[in-house]
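Reader: I should like to go through this model by way of its interface and its charged side chains. Please begin with the term on which the later answers rest.

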Amino acid sequence: MNRFTRTAQRWVVFVAAVALWELVTQLAEASGAAMSFFFPPPSEIALTAKDLWFSSAFGKHIVPGVGRMLGGWALAGVIGVAFGILLGRSRHAMAYLGAVFNFLRSIPPPLLVPFFVAAVGTTNMQFPTIVFGAIWPVLLNTVDGARGVDATKVETARVFRLSRTQWTLGVVLPSALPKVFAGLRLSLSIALILMVISELVGSANGIGNQLVRAQRDYEPTAMWAWIVLLGVLGYLFNTVLLALERRALAWQPRHSLETQALATGG
Amino acid sequence: MNMLEVDGLGHTYKGKDGSHTAIDGLDFTVGAGELVCVVGPSGCGKSTLLRTIAGLIRPSRGTVSLHGTKVDGVPRDLAVVFQDYSRSLFPWLSVTRNVEFPLRSLSRTEREARAVEALAAVGLAAAGKKYPWQLSGGMQQRVAIARALAYRPSLLLMDEPFASVDAQTRFELEDLLLRIRREQDTTVLLVTHDIDESVYLGDRVLVLSKSPATVVAHLDVPLGPVRDQIGTRASEDFVELRAKVAGLLQGGPVSVR
């Protein structure tokens, strides 16, 4: 298959679904069905989206929201990888901490919003909520990956008397990297969810904030426009991360990368 | 001069369900420039022996000395080629980078020069930019050998190095090893369960008993430095020696010579 047919294959159902949606909503609108107010045609959503996304809202709401999300996710990633490697290579750390981490991870991250609202206030709680929610998949996956360095590599490293830095950054980190990326992808979707949720509950700005405003103003088309934006952002970030992952893991035989992407849900 | 001296070496693993003595009372030496093969039945403790010599395991009894210095931890001038080349190589590094990886203390030019030289010695001069998984098993083991050579160890330990490749490749790698040690005068201790291989490669063969392994016999191999897979294996000396080793392995501890 060439590039064109692959791209066509990937998008044909999507485009068809949007076209069908357009058709159905247009017909509903023409027939005067009551529900059609809540289900505007995609073309209308697209026009509204163009006005909303590229207006002053871009700097006032989209940039701060996305900034918090990416910043929180990046911080969670750095902390998660650093501690994950440390704990994964420690002989006893996870025996003590494993249960604690699994408990903390099991708390549905959105439930942290009320806590952080109470603890640091509505204007400041988005960032810590995202960091705290997004850290667990990276941390636990990195621990798993760091632990998984096989015995032969451990012995090889000892025989060649690798320095501590060489061992950590040159052997453990690359060994763990496939799992690290799996964790980062999970964390990214959690970060996106937490960004919106935390902004829905209370925030001076952000995409969630605008979504709630559109709801209060009874503007379903604007709501849809913000919802679509979240979908676009999620898709975009995941695509970029996948591309980064492919580059970073280029040393892996191709097929194993794809099965991994499937196994972790892309 | 003795490069390696093994004196009363014994090791007992202690586990929850009792202890297991893998090797016991081993005494032998390896001279500089020698290639000594250790042959023994599967599971007899050959790997334990190799790991105590490498300083990866601290033995329960006895001592290992390299250049007359007691081994305590992994010595600087020792390298190991493991059986499992695919795990021993670093898959995220290119072939050249794999060979250079243990040489971080050297300058960049020196590292590169050593890698080029070692890869040429194992016949992989053109494969430096490839990743290990792009190479066949035999070629991957060549990379592992090149990495060990570039490290310039005074003692090269090999743990069943050719046990995971097909018969044809195995012959090629055996001849490669013989050529390298002729050219570079490397001291090698090679552990194998393959009787023919031990006789074909070794200047001497150490025959181990079943676990706990003790040295059953030291056999000199009078086949000369240049050997070939067809002629040597058909020679009378070879056939006689392999029969002797086989007899020793089957018969258990009987004294020969």
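Author: A residue counts as buried under 20% relative accessible area, as exposed over 50%, and as partly exposed in between. The model discussed here is predicted.

Reader: Is Arg97(B) buried, partly exposed or exposed?

Author: The relative accessibility of Arg97(B) is 36%. Partly exposed covers the range between 20% and 50%, so Arg97(B) counts as partly exposed.

Reader: With which side chain does Arg97(B) meet in a salt bridge?

Author: Arg97(B) lies in helix H3 (residues 95-100) of chain B, and its partner lies in that helix too, 3 residues apart, about one turn of the helix. In an α-helix, residues three or four places apart point the same way, because there are 3.6 residues a turn. The partner counts as buried, at 5% relative accessibility. The N to O distance is 2.9 Å, and the side chain in question is that of Glu100(B).

Reader: Which residue meets Arg114(B) in a salt bridge?

Author: Arg114(B) counts as buried at 12% relative accessibility. Its partner is also in helix H4 (residues 108-121) of chain B, 4 residues apart. The bridge spans 3.8 Å, N to O, within the 4 Å cut-off. The partner, with a relative accessible area of 35%, is the partly exposed Glu110(B).

Reader: How much area do chain B and chain A bury between them?

Author: The contact takes 26 residues from chain B and 18 residues from chain A. Leu56(B), Arg87(B) and Trp92(B) supply 31% of the area that chain B buries against chain A, more than any other three residues. Carbon and sulfur atoms account for 67% of the area buried between the two chains, which is about 2,100 Å².

Reader: Which side chains form the salt bridge between chain B and chain A?

Author: The count between the two chains is 1 salt bridge, whereas the whole structure holds 26 over all chains. On chain A, the residue involved is one of the buried residues of helix H7 (residues 151-159). What covers the buried residues of H7(A) includes helix H8 (164-201) of chain A and, from chain B, helix H1 (46-53) among others. At 2.7 Å, N to O, the pair is Arg51(B) and Glu155(A).

Reader: How many helices and strands are there in chain A?

Author: Of its 266 residues, 42% count as buried. From the N terminus on, the elements of chain A are α throughout. The count is 11 helices and 0 strands.

Notes. Residues numbered from 1 in each chain as written. Chains lettered and ligands numbered in written order. Predicted model: local features only at pLDDT ≥ 70, side-chain atom pairs only at ≥ 80, totals over all residues. Heavy atoms only, no water. Helix = DSSP H or I, 4+ residues; strand = E, 2+ residues; numbered from the N terminus. Buried < 20%, exposed > 50% of the residue type's maximum accessible area, 1.4 Å probe, protein only. Contact = heavy atoms within 4.5 Å. Buried area = accessible area lost by both parts, 1.4 Å probe.
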